[in-house]
Amino acid sequence: MMELDFTRDEMMTIAASRALGNEDICFVGIGAPSAACNVARLTHAPDITLIYESGTIGTAPDVLPLSIGDGELCDTAVTTVSVPEMFRYWLQGGRITIGFLGAAQLDKFGNINTTVIGDYDAPKTRLPGGGGAPEIASSCGEIFITMKQSLRGMVDKIDFFTSFGHGEGGNAREELGMTTKGPTLLITDLAIWHPDPVTKEFTVIALHPGVTRDMVQETCGWKVKFADNLETTPEPTELELATLRDLNARTKAAHSGAGA
């Protein structure tokens with residue numbers, strides 16, 4: 001086997017793509033989640049159903065969309081429905097197995113902030129907001145999260161509750177009447193995390209190749225817990241890397257106008 005060189009971002013995207021299966025119906029977030037979902041579609045899960053917030057169902061974009069309103073999504077979708085139908089019938093009707101989200105801020109229980117950094121009335125930074133993420137977080141069968149690790153992003157306490165994860169842990173979702181699983185997987189550029197079955201606190205179950213425990217802790221704002229049987233994430237295959245790089249190259253060309 002040839003030795004493959006890859007970046008941490010590529011490892012994160014490919015590791016996230018592996019979590020998706022052929023039978024999944026996935027509500028896709030823009031950015032890293034979209035890249036992971038489309039790599040899965042182009043490799044091991046060709047029959048996965050990808051759904052974007054604008055109402056596109058069964059979309060198969062040739063390039064990654066700039067936003068949920070990107071025409072590429074509608075052009076390649078099996079069908080496009082209205083946003084009210086998307087949320088009321090498909091999402092809140094329990095028809096979507098996976099919600100794949102990113103985060104600006106995340107805490108150890110999978111609660112997400114994409115609204116403001118700092119005080120809400122006088123924020124240091126105003127973020128894009130929740131969009132459909134709050135409903136996705138509560139209504140999809142389970143939630144996958146992907147993000148790059150940093151002390152600013154992975155914090156002990158988020159500045160604003162945009163999307164509910166596991167609250168303060170334990171049975172917080174059930175106590176609020178939520179019947180879905182909530183966050184079941186976090187994939188960063190350094191590690192793979194699962195929530196503890198009892199406390200719901202994210203725990204590292206695998207380190208990506210070349211990553212140490214200290215590297216994970218140094219870029220995380222809470223005291224990290226590691227699984228007793230800590231594993232190493234398998235390296236990207238040649239096919240996975242080629243698929244991701246080709247997808248990114250097509251996207252760059254299309255968005256720069258080079259593909260016109």
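In the predicted model, strands E11 and E12 run antiparallel and are joined by two bridges. The two strands form a hairpin, with two residues between them. Within this pair, Leu-186 has Trp-193 of E12 as its bridge partner. On the other side of the description stands strand E10, which runs parallel to E11 and is joined to it by five bridges. Here the bridge partner of Ile-145 is Leu-186 in E11. Strand E11 is largely enclosed by the rest of the structure, because six of its six residues are buried.

Leu-186 thus appears in both pairings, with Ile-145 and with Trp-193. Apart from residues up to four places away in sequence, the residues touched by Leu-186 are Leu-106, Ile-145, Met-147, Met-154, Ala-191, Ile-192, Trp-193 and Phe-202. Leu-186 also belongs to the largest nonpolar core, which holds 32 residues. Together with Phe-27, Trp-193, Val-204 and Val-216, Leu-186 touches the most other members of that core. At least two residues of this core come from each of helix H4 (83-91), helix H5, strand E10, strand E12 and strand E13 (202-207). A second core is separate from this one and has 22 residues, among them Ala-36, Ile-98, Phe-144 and Ala-206. In soluble globular proteins, nonpolar side chains tend to be buried together.

Helix H1 spans residues 8-18 and is mostly covered, with eight of its eleven residues buried. These buried residues are Glu-10, Met-11, Met-12, Thr-13, Ile-14, Ala-15, Ala-16 and Ser-17. They pack against two helices, H2 (32-42) and H8 (238-256), and against strands E5 (98-101), E10 (142-147), E11 (183-188) and E12 (191-195). One residue of helix H1 is Thr-13. Thr-13 counts as buried because its relative accessibility is 10%, below the 20% cut-off. With neighbours within four places in sequence left aside, Thr-13 is in contact with Ala-35, Ala-36, Val-39 and Leu-244.

Helix H2 is likewise mostly covered, with nine of its eleven residues buried. Pro-33, Ser-34, Ala-35, Ala-36, Cys-37, Asn-38, Val-39, Ala-40 and Arg-41 are the buried residues of H2. Their packing partners are helices H1 and H8 and strands E1, E2 (49-51), E5 and E10. Ala-36 of this buried set is in contact with Thr-13 and is a member of the second core.

The loop between H1 and E1 contains Asn-22. Asn-22 is classed as partly exposed because its relative accessible area is 27%, which lies between the limits of 20% and 50%. Not counting residues up to four places away in sequence, Asn-22 touches His-44, Ala-45, Pro-46, Asp-47 and Ile-48. Between Asn-22 and Ala-40, the separation is 18 residues in sequence, and the C-alpha to C-alpha distance is 8.5 Å.

A further hairpin is formed by E8 and E9, with four residues between the strands. Strand E8 covers residues 116-118 and strand E9 residues 123-126, and they pair over three bridges in the antiparallel sense. In this pairing, Val-116 stands opposite Arg-126 of E9.

The loop between E12 and E13 holds Lys-200. Most residues other than glycine have a negative phi. Lys-200, a residue other than glycine, has a positive phi, near 70°.

The largest pocket has a volume of about 420 Å³. Its lining consists of 20 residues, of which Gly-29, Ile-30, Thr-114, Gly-129 and Gly-130 are the closest to the pocket centre. Strand E1 (25-28) and helix H5 (133-139) are the elements that give two or more residues to this lining. Classed by residue type, the lining has eleven nonpolar, eight polar and one charged residues. Helix H5 therefore contributes both to the lining of the largest pocket and, with at least two residues, to the largest nonpolar core.

How values were computed
Residues are numbered from 1 along each chain as its sequence is written. This is a predicted model: local features need pLDDT of at least 70, side-chain atom pairs count only at pLDDT 80 or more; totals for chains, interfaces and linings use all residues. Side-chain values use heavy atoms; hydrogens and water are left out. Buried means under 20% relative accessible area, exposed over 50%, partly exposed in between (1.4 Å probe, protein chains only). Contact means heavy atoms within 4.5 Å. On a 1 Å grid over the protein atoms alone, a cavity is a set of points where a 1.4 Å probe fits but cannot get out, and a pocket is an open set with protein on both sides within 12 Å along at least five of seven lines; lining residues have an atom within 4 Å of a point. Grid points are joined across faces, edges and corners, and a volume is the space filled by probe spheres set on the points. Ala, Val, Leu, Ile, Met, Phe, Trp, Tyr, Cys and Pro count as nonpolar, Asp, Glu, Lys and Arg as charged, and the others, Gly among them, as polar. A nonpolar core is a set of buried Ala, Val, Leu, Ile, Met, Phe, Trp, Tyr and Cys residues joined through side-chain atoms within 4.5 Å. Two strands pair if DSSP finds at least two bridges between them.
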